[in-house]
Amino acid sequence: RAGAFERAHGGTVFLDEIGELPLELQPRLLRALERREVSRLGGKGPISIDVRVLAATHRPLEEEVNQGRFRADLFYRLSVLRVDVPPLRDRRDDVPSLVRHFLGEGASMDQRTLERFVGHPWPGNVRELRNAVERWRAGAEPITPAPHSTPQTVAASLDEPFLVQKERLVNAFEQSYAKALVEVSKGNLSEAARRAGVTRMAVVKMLTRLGLL
């Protein structure tokens, strides 16, 4: 059956989180872009395509290239016209307009809540804002604590060995962090990886180990 590039012939393909593409798959994408053709699995031959490609990532791809995690040839093939989108915390004036967009016509938010939204740093950017609007619409607390927030002080006891207490605290933190991460990202592993600042595979391993996947 036709894949994404074939179906988009004459139009646009949007590749979200291109920085998460495994290194072993990157040559295939590069080949499709260079040759402007794809092949179906089990197909008889190549199929010519004419598509515009948009790619997005939160990762610094230049650094990924230097670290050997992203192919330089693919990076330069994609980096024709570059647009840097600042995080939502640096463009708070956009928050009211985005809130109105997510609410849709005929709905409005009270001024006090809107002021809270404008003052929030939105570490999850527009995705987090959209989820907060949905929670507010459902009557729940719209702004949840960031996954990395932890108590400033921890009770310690000299009745147990240091390593025993440390392991227990680390395990409790991982459980709390992972549960908050899953909730905020609504089970989207790529979004969870973006929020945590790790690879998607690292998130899968963590959630599997903690019995959350």
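**Stop 1: Thr-12 and strand β1**

Select Thr-12 in this predicted model and display the residues around it. Apart from residues up to four places away in sequence, Thr-12 touches Arg-52 and Leu-54. Thr-12 itself is found in strand β1. With a relative accessibility of 36%, Thr-12 counts as partly exposed. Next, add Arg-209 to the selection and draw a distance between the two C-alpha atoms. Thr-12 and Arg-209 are 197 residues apart along the chain, and their C-alpha atoms are separated by 39 Å.

**Stop 2: the whole chain**

Zoom out to the full protein chain and colour it by secondary structure. How many helices and strands does the protein chain have? There are ten helices and four strands. Followed along the sequence, their order is α-β-α-β-β-β-α-α-α-α-α-α-α-α.

Now orient the view along the principal axes. The C-alpha trace spans about 70 × 55 × 30 Å along them. The radius of gyration of the protein chain is 22 Å, whereas a compact globule of 213 residues would have one near 17 Å. Colouring by relative accessibility marks 30% of the 213 residues as buried.

A contact map complements this view. Among contacts in the protein chain with a separation of 6 or more, 62% are accounted for by residues 24 or more positions apart. With the molecular surface switched on, the accessible area comes to about 14400 Å², and 53% of that area belongs to carbon and sulfur atoms. Selecting the charged side chains gives 33 positive and 28 negative ones. The centres of these two sets lie 5 Å apart.

**Stop 3: helix α2**

Select residues 26-35, which form helix α2. Its buried residues are Gln-26, Leu-29, Leu-30, Ala-32 and Leu-33. Looking down the axis of α2, one finds these buried residues within an arc of 160 degrees, so they line one face of the helix. A general property of helices is useful here: an α-helix has 3.6 residues a turn, so residues three or four places apart point the same way.

Rotate to the other side of α2, where Arg-28 and Arg-35 are exposed. Then return to the buried residues of α2 and show what covers them. The cover includes the helices α1 (4-7) and α4 (72-78). It also includes the strands β1 (12-15), β2 (37-38) and β4 (52-55). Strand β1 is the element already visited with Thr-12.

**Stop 4: Arg-36, just after α2**

Step on to Arg-36, the residue that follows α2. Arg-36 lies in the loop between α2 and β2. Although Arg-36 is not a glycine, its phi is positive, at about 55 degrees. Is Arg-36 buried or partly exposed? Arg-36 is partly exposed, with a relative accessible area of 44%.

**Stop 5: helix α6 and Trp-122**

Move to residues 111-119, helix α6, and display Thr-113, Leu-114 and Phe-117, which are its buried residues. Seen down the axis of α6, these buried residues fall within an arc of 100 degrees, so they line one face of the helix. Which helices should be displayed alongside, as part of what covers the buried residues of α6? The cover includes α5 (95-103) and α7 (125-137).

Then select Trp-122, whose place is in the loop between α6 and α7. Trp-122 has a positive phi of about 50 degrees and is not a glycine. Its relative accessibility is 1%, and Trp-122 therefore counts as buried.

**Stop 6: Leu-181 and Arg-195**

Select Leu-181 in helix α8 (residues 162-185). Leu-181 counts as buried, with a relative accessibility of 1%. For a second distance across the model, add Leu-81. The two leucines, Leu-181 and Leu-81, are 100 residues apart along the chain, and their C-alpha atoms are separated by 33 Å.

The last selection is Arg-195, found in helix α9 (residues 189-196). Is this arginine, Arg-195, buried or exposed? Arg-195 counts as buried, because its relative accessibility is 18% and the cut-off for buried is under 20%. Display its contacts, leaving aside neighbours within four places in sequence: Arg-195 is in contact with Gly-124, Glu-128, Tyr-177, Leu-181 and Val-184. The tour thus closes on a contact between Arg-195 and Leu-181.

Definitions and conventions: Residues numbered from 1 in each chain as written. Predicted model: local features only at pLDDT ≥ 70, side-chain atom pairs only at ≥ 80, totals over all residues. Heavy atoms only, no water. Buried < 20%, exposed > 50% of the residue type's maximum accessible area, 1.4 Å probe, protein only. Helix = DSSP H or I, 4+ residues; strand = E, 2+ residues; numbered from the N terminus. Arc of directions from axis to C-beta. Contact = heavy atoms within 4.5 Å. Rg over C-alpha atoms; globule rule 2.2 N^0.38 Å. Areas by Shrake-Rupley, 256 points an atom, 1.4 Å probe, with all protein chains shown as cover. Lys, Arg positive; Asp, Glu negative; His and termini not counted. Charge placed at Lys NZ, Arg CZ, Asp CG, Glu CD.
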